[in-house]
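Here's a short set of exercises to work through with the model open in your viewer. Try each task yourself before reading the solution below it.

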Amino acid sequence: METTDIIKTQTSNEEKYPNNDMEIQVQIQSLPRAKYWVGDDLYKFQGFWIPTVAIPGIIKFQTQFKARDSDLLVTSFPKCGTTWLKSLVFMISNRSIYSISDNPLTKLNPHDIVPSLEYNVYRFKPYQDLEILPNPRIFSTHTPHPLLPSSIINSKSKIVYMSRNLLDQFVSRWHFKGRLKVQGASTSISEAFEMFHSGVDGFGPSWEHVLSYWKASLENPNKVLFLKYEEVKENPTFYVKELGDFLGYPFSEKEVKLGMIEEIAKFCSFENMKNLEVNKSGKRAIAHSFENNAYFRKGEVGDWANYFSPSMAKRAIKLMDDKFSGSGLSFKVSSHVQSDKKCNDLEAHEDM
Ligand code: PAP
């Protein structure tokens with residue numbers, strides 16, 4: 001089955017069979033609930049705040065997914081670089097099939113090539129027959145690590161996680177919300193920030209999500225590769241090679257000499273992906289209402305500084321420092337200055 005056929009099936013299923021499984025709906029109604037600033041309400045599901053619409057898909061993912069050892073799983077907290085990681089994983093693992101100039105990413109948005117398990121594969125029914133998909137199957141999920149099905153944990157499938165400093169993540173989500181015509185459009189950035197800061201956040205608390213994959217990567221580095229957006233941005237070729245090794249698609253000497261690593265890094269770069277016609281003017285093949293260009297905004301490190309008040313910035317940096325303290329995890333928050341200096345600058349600014 002070709003990628004385009006899979007999309008056609010999913011698209012028609014989405015229209016014909018909205019997920020209205022009564023048993024799951026009843027289960028959801030008994031969970032703690034919170035209003036959210038990005039669309040539908042959140043429910044506290046197995047310890048995390050999950051958007052209503054994603055819960056049925058996660059439950060079915062947990063109970064029905066049968067992992068293959070060759071499966072590749074793209075994982076992330078929303079707005080941390082999922083789209084980018086999908087392109088990289090797809091290009092690296094399919095480079096023997098497609099040329100750089102004529103590959104499916106030139107015609108489809110990365111989200112339509114690498115489907116989300118909770119939002120696409122298991123959200124609608126009848127479900128896509130995953131058994132007929134060729135190896136390597138590549139899926140994505142925002143599901144926190146502790147909620148992943150045992151089938152994935154017990155298989156030799158590979159998990160790659162893209163993390164990002166949470167200040168840029170928040171700003172990216174803030175803008176994305178503006179692109180979706182969703183409820184909560186009247187929420188101010190400072191109100192949204194309070195929810196982010198309290199941990200009542202889609203798939204959050206964000207830091208719990210990040211830490212869950214961070215710990216899994218430390219415990220099992222051959223199974224979980226933990227990447228940071230800021231580092232991949234700084235040295236994409238290094239990480240293309242690293243991903244090739246980790247995923248089981250190492251680059252041969254010949255490929256290295258031919259510049260294949262650089263070509264893939266360049267193809268998947270923000271500038272190239274944003275300017276592909278499909279991403280400039282197309283709409284999602286699976287979720288029709290989404291314009292592809294909503295996934296390519298600025299692609300920078302440190303854009304939060306254009307939106308945060310000094311006190312928001314101070315609180316967010318402190319939050320990250322507190323939550324990640326002792327874990328060995330830290331993030332670069334700016335392309336110019338380090339976090340300590342940024343904090344000092346902010347303090348000076350606020351004292352004025
Ligand atoms: P998702 O969770 O909805 O899938 P995700 O792809 O994780 O979104 O995040 C989108 C962010 O990644 C955007 O960041 P920004 O709002 O700060 O600009 C988007 O611009 C950025 N992005 C998308 N593609 C790339 C890429 N190829 N390289 C770097 N950043 C990218």
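**Exercise 1. Work out whether Cys80 is buried or exposed, then check the structure for disulfides.**

Step 1: Cys80 has a relative accessible area of 0%, so it is buried (buried is under 20% relative accessible area, exposed over 50%, partly exposed in between, using a 1.4 Å probe and protein chains only).

Step 2: Now for the disulfides, meaning pairs of cysteine sulfur atoms within 2.5 Å. Searching the whole structure turns up zero of them.

Before going on, a word on the ground rules: this is a predicted model, where local features need pLDDT of at least 70, side-chain atom pairs count only at pLDDT 80 or more, and totals for chains, interfaces and linings use all residues. Residues are numbered from 1 along each chain as its sequence is written, and side-chain values use heavy atoms, with hydrogens and water left out.

**Exercise 2. Get an overview of the chain: how many helices and strands are there, and what share of the residues is buried?**

Step 1: Count the DSSP runs, numbered from the N terminus (helices are H or I with at least four residues, strands are E with at least two). You should get 18 helices and seven strands.

Step 2: Of the 352 residues in the chain, 56% are buried.

Step 3: The accessible surface of the chain is about 15,800 Å², and carbon and sulfur atoms own 53% of it (areas come from Shrake-Rupley with a 1.4 Å probe; for residues, only the protein chains shown count as cover).

Step 4: Take the contacts (heavy atoms within 4.5 Å) between residues at least 6 apart in sequence: 75% of them join residues at least 24 apart.

**Exercise 3. Describe the shell around the ligand and find polar contacts to it.**

Step 1: Collect the residues near the ligand (a heavy atom within 4 Å of it). There are 20, and the closest are Thr82, Thr83, Ser172, Tyr229 and Lys298.

Step 2: Sort the shell by class: eight nonpolar, eight polar and four charged residues. Here Ala, Val, Leu, Ile, Met, Phe, Trp, Tyr, Cys and Pro are nonpolar, Asp, Glu, Lys and Arg are charged, and the others, Gly among them, are polar.

Step 3: Ask which element gives the largest share. That's helix 4 (residues 82-93), with three residues.

Step 4: List the polar contacts (N or O atoms within 3.5 Å; within protein, one must be able to donate a hydrogen and the other to accept it, and residues adjacent in sequence count only if both atoms are side-chain atoms).
- Lys79 puts a side-chain N or O atom 2.8 Å from a ligand oxygen.
- Cys268 has a backbone N or O atom 2.9 Å from a ligand nitrogen.
- Lys298 has a backbone N or O atom 2.7 Å from a ligand oxygen.

Step 5: Check the cover: the ligand taken alone exposes 630 Å², and the protein buries 96% of that.

**Exercise 4. Take a closer look at Cys268: where does it lie, and what does it touch?**

Step 1: Cys268 lies in the loop between helix 14 (260-267) and helix 15 (270-275).

Step 2: Its relative accessibility is 2%, so Cys268 counts as buried.

Step 3: Skipping residues up to four places away in sequence, Cys268 touches Trp84, Ser87, Leu88, Met91 and Met273. Ser87 is 181 residues away along the chain, yet the two C-alpha atoms are separated by 6.0 Å.

**Exercise 5. Place Ser163 and find the partner of its side chain.**

Step 1: Ser163 belongs to strand 6 (residues 158-163). It is buried, because its relative accessibility is 0%.

Step 2: The Ser163 side chain reaches the backbone oxygen of Leu227 at 2.7 Å.

Step 3: Beyond its neighbours within four places in sequence, Ser163 has contacts that include Cys80, Val210, Phe226 and Phe331.

**Exercise 6. Hunt for unusual backbone geometry: which peptide bonds are cis, and where is phi positive in a residue other than glycine?**

Step 1: Asn135 and Pro136 are joined by a cis peptide bond with omega about -10°. Pro136 sits in the loop between helix 6 (117-121) and strand 5 (138-141).

Step 2: Gly204 and Pro205 also share a cis peptide bond, with omega about 5°.

Step 3: Lys79 has a positive phi, near 70°, and lies in the loop between strand 4 (72-76) and helix 4.

Step 4: Phe203 has a phi near 75° and is found in the loop between helix 9 and helix 10.
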